[in-house]
Amino acid sequence: DPPDTAADAQDPSASPEPAYALQIGAYADSSSAQRMVRRVQADDRSARVRIKREGGRTLYQVQVGPYERRRRAVQHVDSVRTYTGNAFVVQIRPTP
């Protein structure tokens, strides 16, 4: 498979808004999440932090992508897993 670069992350044949990402970690502090994002971006991959508040707790989720189609995200799980040992597909917006 080709590398998952920022330019490669979007499937040009899909709808204009991304629907999926690969989550590689969730941190209790934003500085740890930002360090991971910088590490991923240093490899020319697109990454961001999504903030999730639940039960009085805040988690900083590091996600790689976005991807237009779930299938496309799944193709990159193994290569992205190298950062933390963990990677799974998350839906970031409802699909039509």
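The following paragraphs lead through the fold, the nonpolar core and the confidence of a predicted model.

The protein contains three helices and four strands. Read from the N terminus, these elements follow the order β-α-β-β-α-α-β. Contacts between residues distant in sequence are prominent in this arrangement: of the contacts in the protein with a separation of 6 or more, 73% join residues 24 or more positions apart.

Of the 96 residues of the protein, 40% count as buried. The accessible surface amounts to about 5,600 Å², and carbon and sulfur atoms contribute 47% of that area.

In soluble globular proteins, nonpolar side chains tend to be buried together. In this model, the largest nonpolar core comprises 18 residues, and the members that touch the most others are Leu22, Ile24, Val40, Val64 and Val80. Two or more residues of this core come from each of strand 1 (20-27), helix 1 (30-42), strand 3 (57-67) and helix 3 (77-81). Val40 offers a view of the packing from a single residue: leaving aside residues up to four places away in sequence, Val40 touches Ile24, Arg45, Ala47, Val64 and Tyr83. Two of these partners, Ile24 and Val64, are themselves among the core members with the most contacts to other members.

Confidence must also be considered. The average pLDDT of the protein is 86, and 80% of the residues score at least 70. Residues 7-14, however, have a pLDDT below 50, although this stretch makes 17 contacts in the model beyond near neighbours in sequence. Where pLDDT is low, the predicted coordinates should not be read in detail.

Note on methods:
Residues numbered from 1 in each chain as written. Heavy atoms only, no water. Core = buried A, V, L, I, M, F, W, Y, C linked by side-chain atoms within 4.5 Å. Buried < 20%, exposed > 50% of the residue type's maximum accessible area, 1.4 Å probe, protein only. Contact = heavy atoms within 4.5 Å. Areas by Shrake-Rupley, 256 points an atom, 1.4 Å probe, with all protein chains shown as cover. pLDDT = per-residue confidence, 0-100.
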